[in-house]
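Trainee: Could you take a close look at one part of this model for me, and go through its charged pairs carefully?

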Amino acid sequence: MKLLHSNLFGATVPSLWILVLMVAVGPFGDTEYTPSLPRIAHELGVSYGAAQQSMTVYLFGYALVQLVYGPLSDRFGRKPLMLVGAMLFVFGSLVCFLSQSLDALLAGRFIQGLGACAGAVLTSAAVRDSFPPAHIEQVYSRINAAFALAPAVGPVVGAFVDDHFGWHANMLVLLAMSSLLLVCVLLFLPETHTPDRRRSLRPRRIVRGYRSLFTHRLYLPYIVINGLVIGV
């Protein structure tokens with residue numbers, strides 16, 4: 001399995017396997033523990049609805065930093081921000097694994113969400129950085145397949161682990177997976193973007209960039225359709 005290769009221009013680009021792992025960890029972590037929700041509610045002495053808040057705070061953390069990773073990765077590079085995201089996911093998973101109360105679990109899930117978002121944002125950025133336009137759609141189709149498959153596989157794995165080892169073991173699975181991601185990013189993910197240390201974090205430039213998106217005649221229809229599909 002090749003973890004690095006060169007594109008048509010001779011530049012080192014990330015392997016598809018690394019990109020798939022980066023994008024799949026987040027949606028897998030969203031659903032992998034869900035078969036444990038009844039056991040979590042029982043063992044922590046809370047209602048099932050309260051236990052479900054652990055998914056809400058994960059998604060809230062995930063959504064909260066989506067607009068942050070892009071500009072920061074323009075400033076500092078894709079790899080450093082992906083390492084930060086992976087470390088947040090590892091730390092959040094450790095907090096969840098050690099949690100003995102709902103508050104601790106919610107805190108860990110929130111931190112997991114903050115880290116998980118990095119994979120989705122920075123994978124897209126790395127693809128645009130690394131591949132020629134003629135190949136981007138093919139790469140995206142494979143990555144999106146993993147993005148769609150991960151949340152479907154998650155509950156299957158989670159149900160087996162919960163039945164045999166309990167809900168803390170599901171958090172251990174997420175800890176192991178996020179640790180694997182951290183090691184792979186550290187050792188095998190090349191930097192795909194030359195940091196712009198002068199202009200990338202200027203507020204005027206960021207506002208101008210988002211304004212150009214939201215005023216594009218195709219952007220809003222596509223993003224609304226995409227949001228509705230994911231929401232449904």
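**Salt bridges and the first helix**

Mentor: Before turning to the charged pairs, I start with helix α1 (helices being DSSP runs of H or I of at least four residues, numbered from the N terminus), which is mostly covered, since 13 of its 16 residues are buried, where buried means under 20% relative accessible area, exposed over 50% and partly exposed in between, with a 1.4 Å probe and protein chains only. This is a predicted model, in which local features need pLDDT of at least 70 and side-chain atom pairs count only at pLDDT 80 or more, while totals for chains, interfaces and linings use all residues. Residues are numbered from 1 along each chain as its sequence is written, and side-chain values use heavy atoms, with hydrogens and water left out.

Turning to the charged pairs, a search of the whole structure finds three salt bridges, each defined as a side-chain nitrogen of Lys or Arg within 4 Å of a carboxyl oxygen of Asp or Glu. R78 pairs with D74, their closest N and O atoms being 2.8 Å apart, and R78 also pairs with D129, at 2.7 Å between the closest N and O atoms. The latter pair links distant parts of the chain, with R78 in helix α5 (residues 78–98) and D129 in helix α6 (residues 102–130), 51 residues apart. Shared partners thus join D74, R78 and D129 into one network, in which R78 is buried at 7% relative accessibility, whereas D74 is partly exposed at 24% and D129 is partly exposed at 29%. In the remaining bridge, R39 meets D162 with the closest N and O atoms 3.0 Å apart.

Technical notes: Helix = DSSP H or I, 4+ residues; strand = E, 2+ residues; numbered from the N terminus.
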